[in-house]
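Let's take a walk through this model together, starting from one residue pair and working outwards. Keep the sequence and the 3D view side by side as you read.

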Amino acid sequence: VSDSSLFLVVGTGIIDQDGEDVSSRGRILLFELNRSSTDADDTVEAEVKYVYDKEISIGPVTSLSNLTCEGKSRLVVGAGAEVTIEQWGNNKLLQVGFFHANMHVQDIVLFKNFFLLSDAYDSLHFLVWRESDKSLTLLAKDYEPTCVYASGI
């Protein structure tokens, strides 16, 4: 798999048969997309090939985004109270950054290297990704619990 490959990423949530007695967890599935076109009738065909999966033990995957910064594309994963930045290399996802939020990350909206995290009960967090030291830093947050069902930048 080359660095310029196109991926389809799927996040899952798994609840054990024992229900709430065991905490939920998730998984990230990576599929490589290969497109080819036929000249005869101008149709485009896509081949989807399973490449990799990664277990997430901190909760179900609730949000997936693509972060492109300084020519590098990375996967942003929201699961439980964690936001992780994953980088593809050596045929696996390697965590290169993280942020622990005091809320269940429901959605992540990206604008350049700024992140807006939302939760249905604990409002918003505003973060920035710094490539120089690969860190997510909290810039602002709402200290009053407010129901947030949709957010955007």
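Start with V10, which stands opposite L29 in β2. Strands here, like helices, are DSSP runs numbered from the N terminus (E and at least two residues for strands, H or I and at least four residues for helices). Before going further, a word on what you're looking at: this is a predicted model, where local features need pLDDT of at least 70, side-chain atom pairs count only at pLDDT 80 or more, and totals for chains, interfaces and linings use all residues. Residues are numbered from 1 along each chain as its sequence is written, and side-chain values use heavy atoms, leaving out hydrogens and water.

Back to the strands. β1 and β2 run antiparallel and are joined by nine bridges; two strands count as paired if DSSP finds at least two bridges between them. They belong to an open, antiparallel sheet of three strands in the order β1-β2-β3. The edges of this sheet are β1 and β3, each with a single partner strand, so each has one side left without a neighbour in the sheet. On average, neighbouring strands of the sheet are turned by 25° against each other, direction ignored; the axes behind that figure are lines fitted to C-alpha atoms (for helices, over the stretch in contact), with angles between N-to-C directions running from 0 to 180 degrees.

Now zoom in on L29 itself, in strand β2 (residues 25-38). With 11% relative accessibility, L29 counts as buried, where buried means under 20% relative accessible area, exposed over 50% and partly exposed in between (1.4 Å probe, protein chains only). Which residues does L29 touch, not counting those up to four places away in sequence? They are L8, V9, V10, T12, Y50, Y52 and D53, a contact being heavy atoms within 4.5 Å. For a sense of distance, try jumping from L29 to A120: the two are 91 residues apart in sequence and 26 Å apart in space, C-alpha to C-alpha.

One of the residues that L29 touches, Y52, leads us to the aromatics. Rings of Phe, Tyr and Trp (its six-membered ring) pair if their centres lie within 6.5 Å; planes under 30 degrees apart count as stacked, over 60 as edge-to-face and the rest as tilted. By this rule there are four aromatic pairs. Y52 and W88 make an edge-to-face pair, with 5.6 Å centre to centre and 75° between the planes. Y52 sits in strand β3 (residues 43-56) and W88 in strand β6 (residues 82-89), so their pairing ties together parts that are 36 residues apart in sequence. Both Y52 and W88 are buried, and ring pairs link them with F7 into a cluster.

Next, a couple of serines. S5 comes in the segment before β1 (6-14) and counts as buried at 18% relative accessibility. Its side chain makes a polar contact of 3.2 Å with the side chain of E32. A polar contact is a pair of N or O atoms within 3.5 Å; within protein, one must be able to donate a hydrogen and the other to accept it, and residues adjacent in sequence count only if both atoms are side-chain atoms. S135, in strand β11 (residues 135-141), is buried at 17% relative accessibility. The side chains of S135 and D133 are joined by a polar contact of 2.9 Å. Leaving aside neighbours within four places in sequence, S135 is in contact with V128, W129 and R130.

The backbone has some spots to check too. Most residues other than glycine have a negative phi. E70, however, has a positive phi near 55°; it lies in the loop between β4 (61-69) and β5 (72-79) and counts as exposed at 67% relative accessibility. S123 has a positive phi as well, near 70°. Is S123 buried or exposed? At 2% relative accessibility, S123 counts as buried, and it lies in strand β10 (residues 123-130).

Finally, zoom out. The protein chain has zero helices and 11 strands, and its C-alpha trace spans about 60 × 40 × 30 Å along its principal axes. Of its 153 residues, 34% are buried. Among contacts between residues at least 6 apart in sequence, 42% join residues at least 24 apart.
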